[in-house]
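This report looks at how aromatic side chains and helix contacts fit together in one protein chain. Please keep the sequence and the structure in view while reading.

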Amino acid sequence: MKNPASFPKLPNLLTSAGQVALAYGTLLMLPGYSLFEKPAECLDWTNMVLFSSRVLLLISGWLYVEKASKSKKKATTTSTKKKALSVLSVFLITLAGIFLFHTLAVLFGAPLTEMVEHTWSGSTYISLLLVFPASAVFHTDRNAWNRVFLQTGPENYGERFAYYPMISGVFGAWLGAIVIPLDWDRPWQAWPIPCVLGALLGYTVGICLALIKQDSSPKKLGKLRTE
């Protein structure tokens, strides 16, 4: 029987391309809002669109799974309650991510009392981009978070597409901060544009890594070694 975490390559590719296009489109292609001219206003609208699209994708995915399953009526009721709690956990973990990124930004040199809206909007975008998908996979399962991010790493499709984009995105945001103090006087050096763009580029790299790694699960590697 096929592992439910394993999907054909073409759907993976199409889904990943859609996620990347959504991330780039919401940030750089919203009409009337320029990230380089009014970053806070652009990010506010971007965050609303990105949040709405993330929620729609989350709900549509669960509806698809529910439709495909052949559970009984009683089991469906229980499942609905669990899904409601799961949605709440996704929102709360994403909110915690916003506070965490905001705090880290201040600790690493972002203004504490000035440009607060810029810092909050940038932190919100990074959390929606990176933390929301991971929280939709792991929810409040501490063992899963620890295993994937601190111990053995991802083991299946969902974990890989949560792990690699998040790690690469955080690293990209950190790298983006390096250009802020340089005396180049470029529009894209304004806070928090470099960190936001760095997170977006890192997210894209992470998606590509997840696609490359999708056939390298421990089970498949074990089979190759025994042959």
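Across the whole structure, a search for aromatic pairs returns ten of them. One of these is formed by W145 and F149, whose ring centres are 5.5 Å apart and whose planes meet at 20°, and because planes under 30 degrees apart count as stacked, this pair is stacked. Both residues belong to helix α5, which covers residues 142–151, and W145 and F149 are four residues apart in that helix, about one turn. W145 has a relative accessible area of 18%, and because the cut-off for a buried residue is under 20%, W145 is buried.

A further aromatic pair is formed by Y163 and Y164, with 5.1 Å from centre to centre and 80° between the planes, an edge-to-face arrangement. Y164 is buried, at a relative accessible area of 17%. The two pairs come together in one aromatic cluster, which is made up of F138, W145, F149, Y163 and Y164. It should be kept in mind that the model is a predicted one.

**Helix packing around α5**

The chain as a whole has eight helices and zero strands, so that its pattern along the sequence reads α-α-α-α-α-α-α-α. Two helix contacts involve α5, one with α4 and one with α6.

| Helix pair | Axes come within | Crossing angle, roughly |
|---|---|---|
| α4 (residues 116–138) and α5 | 10 Å | 125° |
| α5 and α6 (residues 157–176) | 11 Å | 55° |

At roughly 125° between the axes, α4 is oblique to α5, and the crossing of these two helices is right-handed. On the α4 side the contact is made by A134, S135 and F138, while on the α5 side it is made by A144, W145, V148 and F149. By residue class, the contact of α4 with α5 consists of six nonpolar residues and one polar residue, with no charged residue. F138, which α4 contributes to this contact, is also a member of the aromatic cluster.

How are α5 and α6 oriented with respect to each other? Their axes cross at roughly 55°, and angles from 35 up to 65 degrees count as oblique, so α5 and α6 are oblique to each other. The crossing of α5 past α6 is right-handed. The residues that make the contact are W145, R147, V148 and F149 of α5 together with E159, A162, Y163, M166 and I167 of α6. Sorted by class, the contact of α5 with α6 has seven nonpolar residues, no polar ones and two charged ones.

Read side by side, the two residue lists show that W145, V148 and F149 take part in the contact with α4 and also in the contact with α6. Y163, which α6 brings to its contact with α5, belongs to the aromatic cluster together with W145 and F149.

**Contacts between distant parts of the sequence**

Turning to the chain overall, buried residues account for 41% of its 227 residues. Of the contacts with a sequence separation of 6 or more, 70% are between residues 24 or more positions apart.

V196, in helix α7 (residues 193–213), is one residue through which such contacts can be followed. Is V196 buried or exposed? With a relative accessibility of 1%, V196 counts as buried. When its neighbours within four places in sequence are left aside, V196 is in contact with L27, L43, G122 and Y125. For V196 and Y125, which are 71 residues apart in sequence, the C-alpha to C-alpha distance is 7.4 Å.

G122, one of these partners, is located in helix α4 and counts as buried at 5% relative accessibility. Its own contacts, again leaving aside neighbours within four places in sequence, are with L43, P192 and V196, and L43 is therefore a contact of V196 as well as of G122, given that contact means heavy atoms within 4.5 Å. G122 and N47 lie 75 residues apart along the chain, with 9.0 Å between their C-alpha atoms.

A last example is V87 of helix α3 (residues 73–107), which counts as partly exposed at 22% relative accessibility. V87 and S135 are separated by 48 residues in sequence and by 9.4 Å from C-alpha to C-alpha, and S135 is one of the α4 residues in the contact with α5.

Note on methods:
Residues numbered from 1 in each chain as written. Heavy atoms only, no water. Phe/Tyr/Trp six-rings, centres within 6.5 Å; stacked < 30°, edge-to-face > 60°. Buried < 20%, exposed > 50% of the residue type's maximum accessible area, 1.4 Å probe, protein only. Axes fitted to C-alpha atoms, helices over the stretch in contact; angles between N-to-C directions. Parallel < 35°, antiparallel > 145°, perpendicular 65-115°, else oblique. Left-handed = near helix turned anticlockwise from the far one by under 90°. Nonpolar A, V, L, I, M, F, W, Y, C, P; charged D, E, K, R; others polar.
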